[in-house]
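Hi,

Here's the structure I promised to pass along. Have a look, and my notes on the salt bridges follow underneath.

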Amino acid sequence: MTSFASSVEHMKLRAEREAKWCELSTPKNDGSSKKRKCGDVSHSASSKAIEADSADDDEATTCPPDVKAANACSKKTMVEGKELCEFQTMWTIKKQDLGLKERVSKMKLLDSLIAKQGPLADYEEALKKKLINELMSD
């Protein structure tokens with residue numbers, strides 16, 4: 001596709017999007033609506049949506065930035081609250097699991113020290129006493 005043909009196609013898509021948003025923003029009941037008319041183009045941040053031209057325009061239609069922001073905020077708070085609750089639940093379960101794994105690991109080490117035949121070395125004896133004290137205090 002040539003650059004001329006792609007720019008013509010781009011302009012058609014842009015015109016279709018502008019027409020769509022103009023239709024959506026026209027008042028439905030004889031001017032009593034607070035929505036902005038298509039002809040009313042001020043230079044505010046929300047009116048830039050009609051004029052905005054992104055570098056990666058594709059065939060999908062885009063919403064004005066203020067609509068996107070409003071939708072994102074309303075969805076985000078519910079999702080973040082749910083994700084936070086799930087994360088806290090998972091974190092408490094994980095902490096309990098790590099504590100139990102550590103305790104089982106210490107028990108296995110103590111079992112291997114107790115089951116050892118013959119005299120224990122000084123460091124093994126000290127470790128055995130330390131593990132017994134830790135496991136009895138929990």
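To start with one residue: is Lys 106 buried, partly exposed or exposed? Lys 106 comes out as partly exposed, its relative accessible area being 23%. Bear in mind that this is a predicted model.

Lys 106 is worth a look for its partners too. Its side chain meets that of Glu 134 in a salt bridge, with 2.6 Å from N to O. That pair ties together distant parts of the chain: Lys 106 belongs to helix α3, Glu 134 sits in helix α4 (residues 122-137), and their positions lie 28 residues apart in numbering terms, i.e. they are 28 residues apart. Glu 134 is partly exposed as well, at 25% relative accessibility.

The other partner is Glu 102, whose salt bridge with Lys 106 has its closest N and O atoms 3.6 Å apart. Here both residues are in helix α3 (residues 65-115); they are four residues apart, so about one helical turn separates them. Glu 102 has a relative accessible area of 46%, which makes it partly exposed. Put together, Glu 102, Lys 106 and Glu 134 form a linked network of salt bridges.

Elsewhere, Arg 14 and Glu 18 make a salt bridge through their side chains, at 3.5 Å from N to O. Both are in helix α1 (residues 3-25), four residues apart, or about one turn of the helix. Glu 18 counts as partly exposed, with 28% relative accessibility.

For the overall tally, searching the whole structure turns up five salt bridges, including the ones described above.

Cheers

Key
Residues are numbered from 1 along each chain as its sequence is written. This is a predicted model: local features need pLDDT of at least 70, side-chain atom pairs count only at pLDDT 80 or more; totals for chains, interfaces and linings use all residues. Side-chain values use heavy atoms; hydrogens and water are left out. A salt bridge is a side-chain nitrogen of Lys or Arg within 4 Å of a carboxyl oxygen of Asp or Glu. Helices (H or I, at least four residues) and strands (E, at least two) are DSSP runs, numbered from the N terminus. Buried means under 20% relative accessible area, exposed over 50%, partly exposed in between (1.4 Å probe, protein chains only).
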